[in-house]
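Got the model open in your viewer? Let's walk through it one selection at a time.

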Amino acid sequence: MSRPPVRRIVTGHNDQGLAVILSDADAPHHFSSDAIPGFGATVPWMTKAGVIDHVSDTDMASADTEIPSFPAPGETIMRIADFPPDSVYPKEANSAIFDELDGHEEAEVGAERSGGKHFWFHRTESLDYAVVLEGEITLLVDDGEATMRAGDVAVQRATSHAWSNRTDKTARVLFVLIGTEPISASEIASQRRVNSTSMDAS
C-alpha cells in the first residue's frame, strides 16, 4: 500500500540576503513498511546538536541522509507518520515494528510498566510534540489514555507510550522530536519525591 507523499517547502537566503524558496517538492526521505501495510513515515527535516545552519543550502533530510529513528540529545527530527488500523498489524507486531525502527531497546524500556497492553509501547529520551493531521488515534501511557483527532496536540515528555489506531482508517500524525539528556522513569520518580519532600519541609 503506497503512502501519500508529503509536500515539503524549504526556504533559505541567496547571496544578497533575500529570502528565497530553495525547494518545493515531495519530501525525499520516506519509508514504507514491508511487513505492516500502510505503516511508514516521512522526515521533512532534522537538525544536529549545536548551532543551527541557516547559511548553507544543505538538505538535512535528503533521500540518502542517514536519519536515526530517535534523536540524540540536542538533535531534532520532524517526522510525519502513518498508523494503519491495529487490525492490520501482524501477530508479532512488536518485533515487526521495532525491527524496522531499530528500536528494541526503546521497546523494552517502554514495556517495563505497561503490562503488555499494546504492542507499540516504547520510551525515548526526548520531548515530542505530536499533532494529529488526519484520522483518529489513541495515545496510551502506563496509567491512562487519550483519544486524539485531527487538530489535537500531545506533549510527550520522555514517557512510556503507545499509539493505538482503533478505527478502520489510517491516522497521520506529525511529530517534532527533540532529543534530551537521558533520565529513567525511576530517576524521575526519585527526583519528584525529593522535590515533594523539600516543598513539604519548607
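Start with the whole chain: among contacts (heavy atoms within 4.5 Å) between residues at least 6 apart in sequence, 65% join residues at least 24 apart. Keep in mind that this is a predicted model, where local features need pLDDT of at least 70, side-chain atom pairs count only at pLDDT 80 or more, and totals for chains, interfaces and linings use all residues. Residues are numbered from 1 along each chain as its sequence is written, and side-chain values use heavy atoms, with hydrogens and water left out.

**The whole chain**

Switch to cartoon view and you should find three helices and eleven strands. Both kinds of element are DSSP runs numbered from the N terminus: helices are H or I with at least four residues, strands are E with at least two. Reading from the N terminus, the order is β-β-β-β-β-α-α-β-β-β-β-β-β-α. The C-alpha trace spans about 60 × 50 × 30 Å along its principal axes. Of the 202 residues, 38% are buried; that label means under 20% relative accessible area, while exposed means over 50% and partly exposed is in between (1.4 Å probe, protein chains only).

**The nonpolar core**

Next, select Phe83, Tyr89, Ile97, Trp120, Ile137, Trp163 and Phe175. These are the residues with the most contacts inside the largest nonpolar core, which has 33 residues. A core here is a set of buried Ala, Val, Leu, Ile, Met, Phe, Trp, Tyr and Cys residues joined through side-chain atoms within 4.5 Å. Two or more residues each come from S4, S5, H1, S6, S7, S10 and S11, and H1 gives the most, with five.

Zoom in on Phe175 in strand S11. Why does Phe175 count as buried? Its relative accessibility is 9%, and the label applies because the cut-off is under 20%. Leaving aside neighbours within four places in sequence, Phe175 is in contact with Ile77, Met78, Arg79, Ala81, Phe83, Tyr129, Ala130 and Trp163. Try a distance to Ala81: the two C-alpha atoms are separated by 7.7 Å, although the residues are 94 apart along the chain.

Then hop to Ile137. Again setting aside neighbours within four places, its contacts are Phe83, Val132, Ala146, Thr147, Met148, Trp163, Ser164, Asn165, Ala171 and Val173.

**Helix H1**

Now colour H1 (93–101). Which of the residues of H1 are buried? They are Ala93, Ala96, Ile97, Phe98 and Leu101. An α-helix has 3.6 residues a turn, so residues three or four places apart point the same way. The buried residues of H1 pack against helix H2 (104–110). Just after H1, click on Asp102, whose phi is positive, near 50°.

**Two threonines**

Pick Thr138 in strand S7. Thr138 is buried, with a relative accessible area of 2%. Show its side chain alongside that of Thr147 and you'll see a polar contact of 3.0 Å joining them. That term covers a pair of N or O atoms within 3.5 Å; within protein, one must be able to donate a hydrogen and the other to accept it, and residues adjacent in sequence count only if both atoms are side-chain atoms. Beyond four places in sequence, Thr138 touches Glu145, Ala146, Thr147, Ala162, Trp163, Ser164 and Arg166.

Thr167 is in the loop between strand S10 (161–164) and strand S11 (171–179). At 26% relative accessibility, Thr167 counts as partly exposed. Its side chain makes a polar contact of 2.7 Å with the side chain of Asn165, and a polar atom of the Thr167 side chain lies 3.0 Å from the backbone oxygen of Lys169. Not counting residues up to four places away, Thr167 touches Pro85 and Glu136.

**The largest pocket**

For the last stop, select Arg123, Arg157, Ala158, Thr159 and Ile188. Of the 23 residues lining the largest pocket, these are the closest to its centre. A pocket is an open set of points on a 1 Å grid over the protein atoms alone, where a 1.4 Å probe fits, with protein on both sides within 12 Å along at least five of seven lines; lining residues have an atom within 4 Å of a point. Helix H3 (185–201) is one of the elements giving two or more residues to the lining, and its six residues are the largest share.
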